[in-house]
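Here are some short exercises to work through with the model open beside you. Try each task before you read its solution.

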Amino acid sequence: MRYRIFAAVLSAVVLLTFRQSVSTVEAEKTENEKFSASCFQRTVSPAFDESEINLPEKFDLREKGLVSSVKNQRPYGTCWAFSSSAVLESSLIKDFPSVDLSELHLSYFSFFGDETPDRPGGSSDLVSGGHIAFAASSFARWTGPVNEEVLPYTTAGDEIDHSLKNRNDYFVSDIYALNQYSLAKIYPNEQLSFSDTEIKNMICEGNAVSVNIRYENNYNEKTFALYDSSKGMTNHAVTLVGWDDSFSRENFLVTPPGDGAWLVKNSWGNS
């Protein structure tokens, strides 16, 4: 199983979701007909009155048929591309049940060209990793997304056709980002934050949410549970597809302050 349970209390997390915002590409579109991309960054103020929201104790997007198949990112540091693509797939899957987006297209072309950022560590390969913010930037400038068959992940070691950079099989029209960057060390009084209720509300509306977490060797293989209380730098991207507020705190090797967990789709296997 690659749907993993993580504690409901997460620190230094970056969130990215595409709120039912993907449209298919028609054969020909003029510039005026294309959808406009927009990126929203929330501050500490919640987007709604949380006291007026009644969320269930448990929720699972899989039960709604809104989660795509589990995939394997190995051997590359492309978790951010897999997580971001999984979010888009959840937005598309109702209309395209077999949707499968190319993580290779996203992870390669996010760093290819003068208008793109340098790959982390200055590496030219896919090992050094990335960030889900890079995915948002790529989609906002119409670099992808494309279907897996256009640039399969299995061809990552082959020469890539650079003409595919501007290929679009879908247009992303809205990108919602919470806590896009945490600047606590630079601007301690301006650190952005989020709430569990905001995240749950997005998921409950049918949206998967991409998050950056910190993964260490404290994973409980018997209960599929992990909790990290170190508040250290994040090092892995996964996809939130639900939650269970009754999940016992005793299921974790590192005991969290209370019960509850996120239901997480990972990318370290395809089953």
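**Exercise 1. Find out how confident the predictor is along the chain, and where caution is due.**

Step 1. Start with the average: the mean pLDDT (the predictor's confidence in each residue, from 0 to 100) is 76, and 69% of the residues reach 70 or more.

Step 2. Now look for weak stretches. Residues 1-14 have a pLDDT below 50, yet the model gives this stretch 69 contacts (heavy atoms within 4.5 Å) beyond near neighbours in sequence. Residues 19-49 also stay under 50, with 75 contacts beyond four places in sequence.

Step 3. Draw the lesson: where pLDDT is low, the predicted coordinates should not be read in detail.

Two ground rules help from here on. This is a predicted model, in which local features need pLDDT of at least 70 and side-chain atom pairs count only at pLDDT 80 or more, while totals for chains, interfaces and linings use all residues. Residues are numbered from 1 along each chain as its sequence is written, and side-chain values use heavy atoms, with hydrogens and water left out.

**Exercise 2. Decide whether the faces of strand β8 are covered or open, and find its partner.**

Step 1. Locate the strand: β8 spans residues 209-213. Strands are DSSP runs (E, at least two residues), and helices are runs of H or I, at least four residues, both numbered from the N terminus. The chain has four helices and twelve strands.

Step 2. Recall that side chains in a regular strand alternate between the two faces of the sheet.

Step 3. Check each side. V209, V211 and I213 on one side are buried (under 20% relative accessible area, with a 1.4 Å probe and protein chains only; exposed is over 50%, partly exposed in between), and S210 and N212 on the other are buried too. Both faces are therefore covered, given that buried means under 20%.

Step 4. Find the partner: β8 pairs with β11 (residues 236-244) in the antiparallel sense over five bridges, where pairing takes at least two DSSP bridges. N212, for instance, has A237 as its bridge partner in β11.

**Exercise 3. Describe the surroundings of T239.**

Step 1. Place T239 in strand β11.

Step 2. Why does T239 count as buried? Because its relative accessibility is 3%.

Step 3. Compare sequence with space: T239 and V211 are 28 residues apart in sequence, but their C-alpha atoms are 6.1 Å apart.

Step 4. List neighbours beyond four places in sequence: among them are A86, V87, S210 and L263. S83 is another contact, and a polar contact (N or O atoms within 3.5 Å, one able to donate a hydrogen and the other to accept it; residues adjacent in sequence count only if both atoms are side-chain atoms) of 3.1 Å joins the side chains of T239 and S83.
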